[in-house]
Structure formats: C-alpha cells, structure tokens
Amino acid sequence: MRIAFFVNSIESETPAYTTTALALAAVQRGHSVVYVEPGDFILRPDDGLAVSVAVLPDASYKTSDRLHAALKDAAKQKKTLAISDIDIVFLRNDPSLDATDRPWAANAGVMFGRLAAARGAIVVNDPDGLGQAQSKLYLQSFPEAVRPATLISRSITEIRAFIDKHSKGCIVKPLQGSGGKNVFHIATPTDSNLNQIFEAASGDGYLIAQVYIPEAKAGDVRLFLMNGLPLVRDGNYAAFRRLPAKGDVRSNIHAAGTARKVKVTGTMLDIAEMVRPKLINDGMFLVGLDIVGDKLLEINVFTPGGLTRLAVMYKTDFATSVIIALEEKRTLRQAYGTAMTNSRLATL
C-alpha cells in the first residue's frame, strides 16, 4: 500500500522523529512512502483531489539516517499523484508551529484531510476529530475525574482569584501552542513575577491556569494509545517518563527534559480507560497521554513523539505495530468500502 505522511515541512524532519521511524517501518514492510507538506494539495475544477509528494525511492533502508537522506533528495523533485493513488494519509503536523508565520498552513491537514477521506483515503487521525483538538481546550471535553482543576480566561482578575484558591501553586500557559513554550509555575499568589508572566503568556491569546500537581517534580509520563488502547509490543508498554531539567517546570524533551523507562501503573491504565471512549468516538488512532500522578495534563493527538526513543529503551519496535494496524485498516476498507466511516475505521 502507499502511505502519505503529512508534515509541517520536510526540511524540518529529522532521523530521530517518530514520523521517520514510522516511515522506516512501512518501507521495511514493503510499502510505498511519500511525504506531503501543507502547500501540496490541489483541488481541480472537476472536484478531483491531487497532491504533490516527495516519493521515497524503493530501497532496503536499514537506518533512519539513510531514509532521511533519501527523503531530502526526493523533496527536490516532487511528483503529483491523484488522492486515489494513496491508501493512507497519516496527519503528522503540529498546527501551532505554523500558526504565527504561516497561518494558512496550520489548518491545511484538517481541511484537505477531510477531502481525502471523502474520496476514499483512510486518514488518521480522523480530520474531524483533529478539528476539535486544535487547542488545549480539547482536554476539557474529557471526564472531570482525570483532569486537574483548570480555569481558561484572558481576565487577569479571574486568574488571580483562581491562584488565590490553590495554596500548592498553579501552572499558567497559553491555550494555544505546544512544546512547553511560555509555561510557568506560580508558587504563590504573591509571586513577584506574576505581571510579567501574564504578559508573556497572554500574548498568545487565552490562558490556562491549572492547579499544580506536586508529583510534577518527578516529571510526567507519556503513554501511547493506539486504537484507544495502550500500545503494547513484546510485553512492553510504549511509555516513558519525561524528567524536567533542573529548575524547569517543563518535561518536554526538546525543552531540555530527559527520558527514562517507566513502570506503567494501574492508575495510568485507569486514566487510559477513562478517555478511551471519546478518543475512539473522535477517530484518534495514535495519541500520547501526558500523565502526572492521577491526572491527565495533555493529550497530544497531532504529533505524539517518542517512538524512536522507546525503541532504544525497550529494544522494541513499536513503529512496526503502528504500521501493522494501518495494514489491517486497509484490509477493512477493501472489504467494506465507504460503508464504514473514516472516523470509525481510524480506531477499529
């Protein structure tokens, strides 16, 4: 089958990215892989959808580095394909990276993903579900039991009042965005830097004020779910603990955090089970849950990363499990055609 990976830009991809690991696993299982960028879609006057793609040459790539090098070369000479020539469109872009400098690109995956799904391609995660999840407000649609107490507002008065009620402190961060940008820990309501924090964080729009969970000092746990269930291979869960750098509240790996093996607990599995029904309903094929203590801090549905790191930690090829799941979806599509909706097939 042919799999198209939709990314922010081919130039910004790296050998260590999860998308690269998925592409490598797909090629090694005999599939054709192409890459798509936000400006590559073409909707023609006859309503036909085409896409300009970087085609990975057929080769027996042994490492992500070799595949990445081949991708860079392929991007120099793209080819145009009808969407009917693509079996799977895997949306793997982070809209927040394009929101400021290329706002037209931020929603391209969702918009054209819907068109691709309507024309028979299997699109994961489901674009309608992703449309609901384009801000951290998505977390508020999950059961209250798994979420820390949260206020979302642009009113400094409201946020101050919220902070006053929580003696353990709060986290303040933008509603939009990702990667740990402008995330602040406010220890007390009398924090002398409060005004500067509000000014820095509110520049991105609405603010989230979230009660601080003391267990966050030990970092958070990223747990992958696939088809609504914890991703498990060879007896290992696809999960790791992200430890913040000294003096930093953020656990994000590219914000100087580090990763360690973690034992998945019953509490983590209970959280996964609690969010499973909605993730399935929304067509969220592959997601990353970020867990601290008994609470869910975020759900990464666009670009959950870490499979390359997990492969090294546990000597387990989780990426291959993801590709096998996509193979099964293609078999179902061939059997049922469009009688089965994309959102249902995405998590079946």
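Biologist: How many cavities of 30 Å³ or more does a search of the whole structure find?

Modeller: Bear in mind that this is a predicted model. Rolling a probe the size of a water molecule over the atoms shows where empty space is left. Run over the whole structure with a floor of 30 Å³, the search comes back with a count of one.

Biologist: And what volume does the largest cavity have?

Modeller: The cut-off for the search was 30 Å³. The largest cavity has a volume of about 40 Å³.

Biologist: Which element gives the largest share of the lining of that cavity?

Modeller: Let's go through the lining: Ala4, Phe5, Phe6, Val36, Phe41, Val51, Ile83, Ile86 and Val89. Three residues of the lining come from one element, and that is the largest share. The element is strand E1 (residues 2-6).

Biologist: How do the lining residues divide into nonpolar, polar and charged?

Modeller: The names already hint at it, with Phe5, Val51 and Ile86 among them. Ala, Val, Ile and Phe count as nonpolar. The split is nine nonpolar, no polar and no charged.

Biologist: Let's turn to charges. How many salt bridges does the structure hold?

Modeller: Side chains of opposite charge can pair when their charged atoms come close. Here the cut-off is a nitrogen within 4 Å of a carboxyl oxygen. One pair that makes it is Asp73 with Lys76, at 3.5 Å from N to O. For the structure, the total is 14.

Biologist: How many residues apart in sequence are the parts that Arg119 and Asp47 tie together?

Modeller: The closest N and O atoms of Arg119 and Asp47 are 3.2 Å apart, which makes a salt bridge. Arg119 sits in the loop between helix H4 (108-118) and strand E7 (122-124), while Asp47 sits in the loop between strand E3 (41-43) and strand E4 (49-55). So the parts this pair ties together are separated in sequence by 72 residues.

Biologist: Lys173 pairs with Glu298. Is Lys173 buried or exposed?

Modeller: Their closest N and O atoms are 3.3 Å apart. The pair links distant parts of the chain, Lys173 in strand E9 (residues 170-174) and Glu298 in strand E19 (residues 295-300). Glu298 is partly exposed at 28% relative accessible area. Lys173 has a relative accessible area of 6%, and with the cut-off at under 20%, Lys173 is buried.

Biologist: Last one: which residues are linked in a network of salt bridges?

Modeller: The pairs so far, such as Asp73 with Lys76, were taken one by one. The network links Asp220, Arg222, Arg242 and Asp290.

Key
Residues numbered from 1 in each chain as written. Predicted model: local features only at pLDDT ≥ 70, side-chain atom pairs only at ≥ 80, totals over all residues. Heavy atoms only, no water. Salt bridge = Lys/Arg side-chain N within 4 Å of Asp/Glu carboxyl O. Helix = DSSP H or I, 4+ residues; strand = E, 2+ residues; numbered from the N terminus. Buried < 20%, exposed > 50% of the residue type's maximum accessible area, 1.4 Å probe, protein only. 1 Å grid on protein atoms, 1.4 Å probe; cavity = no way out; pocket = protein on both sides within 12 Å on 5 of 7 lines; lining within 4 Å. Points joined across faces, edges and corners; volume = space filled by probe spheres on them.
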